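Reader: I've got this model open on my screen and would like a close look at one part of it. Could you take me through the inside, starting from a single core residue, and then work outwards?

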Amino acid sequence: MQRLAMDLRMLSRELSLYLEHQVRVGFFGSGVGLSLILGFSVAYACYYLSSIAKTLHGCWFSFQKPQLVTGGESFSRFLQDHCPVVTETYYPTVWCWESRGQTLLRPFITSKPPVQYRNELIKTADGGQISLDWFDNGNSTCYVDASTRPTILLLPGLTGTSKESYILHMIHLSEELGYRCVVFNNRGVAGENLLTPRTYCCANTEDLETVIHHVYSLYPSAPFLAAGVSMGGHRHMFAKEVDMDHVMKAKSIREFDKRFTAVMFGYQTIDDYYADASPSRRLKSVGIPVLCLNSVDDVFSPSHAIPIETAKQNPNIALVLTSHGGHIGFLEGIWPRQCTYMDRVFKQFVQAMVEHGHELSNM
């Protein structure tokens, strides 16, 4: 990497001398415009390639090749054999590789494949209801028998629903594989009535457990997987629980969580809520294979918060860490409309688990 830096500095110096000469000549000759375009293109290419070579905890990311962190050799070998995308070089979109650009532009750039859902409302123990959007994939030729057709439970991020572009892409890829999908919409975000003064938070998994038991009871013979993104309201219902005027004046996520989420779910302090919501304290108890994709420039999940050492202690955990990608961005290609790096990881991993998951139990 030191040699690379020296070569880039030398190239930049030579490029500067070249451009200076071309500008002087160009004023009295021709071709200065093309020379400038070519020169700046080379300069930007050098800047791009040098910028995406980052370090994490002393490890170099050589031109954005992800760092694969696993708690056991068996899972690592399984991923390299059946999910090779996690070891391939990832080149973020050349004009949009910075984390904030990846995060903000993804919803506007990526396409939204058409998906026809079947909605189901299920009741909860506290009198509330949860909205599930099903993609049954009745035309599947790979799994004609619906009772054994693999089921993928999709968990949208904070405020996300079944209409998010990343969810639609996951369903489109699952359709290609012949799988069935069901999207778990958190309470109050998908247009359904909120029947109780309760929403959701990162630390509360009761609704998710309800959904898992419900889906499994419908198709007990089918392979069952889940994929979550990011985290994975109707005002009058909360008026008796919290001061909504005070809540709505919050100017940051932390202020909102302190005034609303922590109060709604009975936490004494905001720090108590964040400690309980952090997945790092639960990693040691994970008993099934879990693959986590995270960019170290994620503005919501920065590198210092990634529990690398904890993950190394559990053979069922694998982390795929890229130096760029933003928060659920992972845009790649010149015009990233159809597929992102995250989409490719999702497709290969679910297919690997459905078709080769039995190998993990034999390793």
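**Around Leu154**

Author: Let's start with Leu154: setting aside neighbours within four places in sequence, Leu154 is in contact with Ile167, Met170, Ile171, Cys181, Val182, Val183, Phe184, Ala227 and Phe346. Keep in mind as you click around that this is a predicted model.

Leu154 belongs to the largest nonpolar core, a set of 37 residues. Leu154 is among the residues with the most contacts inside that core, along with Leu79, Ile152, Leu291 and Phe346. Notice that Phe346 turns up twice, since Phe346 is also on the contact list of Leu154. As a rule, nonpolar side chains in soluble globular proteins tend to be buried together.

Which elements give two or more residues to this core? They are α3, β6, α5 (165–177), β7 (180–185), β8 (224–228), β10 (317–322) and α11 (341–356). The largest share comes from α11, with 9 residues. There is also a second, separate core of 12 residues, which includes Ile122, Trp134, Leu153 and Tyr219.

Now slide along to Thr151, which sits in strand β6. Is Thr151 buried or exposed? Thr151 counts as buried because its relative accessibility is 2%, and the cut-off for buried is under 20%. Not counting residues up to four places away in sequence, Thr151 touches Arg180, Val182, Val215, Tyr219, Ala222, Pro223, Phe224 and Leu225. Two names there should ring a bell: Val182 is also a contact of Leu154, and Tyr219 is one of the residues in the second core.

Helix α4 is worth a stop too. Its buried residues are Ser99, Gly101, Gln102, Thr103, Arg106 and Ile109. These buried residues of α4 pack against α5, and α5 is one of the elements giving two or more residues to the largest core.

Next, the aromatics. The count for the structure comes to 7 aromatic pairs. Such a pair is described by the distance of the ring centres and the angle of the planes. For Phe330 and Tyr341, the centres are 6.3 Å apart and the planes are at 40°, so this pair is tilted. Phe330 lies in the loop between β10 and α11 while Tyr341 is in helix α11, so the pair ties together parts that are 11 residues apart in sequence. Both Phe330 and Tyr341 are buried. Add Tyr90 and you have one aromatic cluster, made of Tyr90, Phe330 and Tyr341.

Time for the charged side chains. How many salt bridges does a search of the whole structure find? The search finds 6. Side chains of opposite charge can pair when their charged atoms come close.

One of them joins Arg77 to Glu73, with the closest N and O atoms 4.0 Å apart. Both residues lie in helix α3, 4 residues apart, about one turn of the helix. Arg77 counts as partly exposed at 36% relative accessibility, whereas Glu73 counts as exposed at 54%.

Arg118 and Asp136 also meet in a salt bridge, at 2.9 Å from N to O. Arg118 is in strand β4 (residues 118–123) and Asp136 is in the loop between β5 (129–135) and β6 (151–155), so this pair ties together parts that are 18 residues apart in sequence. Arg118 is partly exposed, with a relative accessible area of 36%, and Asp136 is partly exposed too, at 25%.

Then there's Lys347 with Glu176, where the closest N and O atoms are 2.8 Å apart. Lys347 is partly exposed at 25%, and Glu176 counts as partly exposed at 46%. Elsewhere, Glu88, Glu332 and Arg344 are linked in a network of salt bridges.

Finally, the outside. Not every nonpolar residue is tucked away: Trp95, Leu104, Leu105, Phe108, Ile334 and Trp335 form a nonpolar patch on the surface, with about 740 Å² of accessible area together. Trp95 itself sits in the loop between α3 (73–82) and α4 (99–109), and counts as partly exposed at 39% relative accessibility.

To zoom out, the chain has 12 helices and 10 strands. Buried residues make up 44% of its 363 residues. The chain exposes about 19100 Å², with carbon and sulfur atoms supplying 56% of that area.

Methods: Residues are numbered from 1 along each chain as its sequence is written. This is a predicted model: local features need pLDDT of at least 70, side-chain atom pairs count only at pLDDT 80 or more; totals for chains, interfaces and linings use all residues. Side-chain values use heavy atoms; hydrogens and water are left out. Patches are made of residues with over 30% relative accessible area and no salt bridge: like charges are joined within 9 Å, nonpolar side chains (Val, Leu, Ile, Met, Phe, Trp, Tyr) within 5 Å. Accessible areas come from the Shrake-Rupley method with a 1.4 Å probe; for residues, only the protein chains shown count as cover. Buried means under 20% relative accessible area, exposed over 50%, partly exposed in between (1.4 Å probe, protein chains only). A nonpolar core is a set of buried Ala, Val, Leu, Ile, Met, Phe, Trp, Tyr and Cys residues joined through side-chain atoms within 4.5 Å. Contact means heavy atoms within 4.5 Å. Rings of Phe, Tyr and Trp (its six-membered ring) pair if their centres lie within 6.5 Å; planes under 30 degrees apart count as stacked, over 60 as edge-to-face and the rest as tilted.
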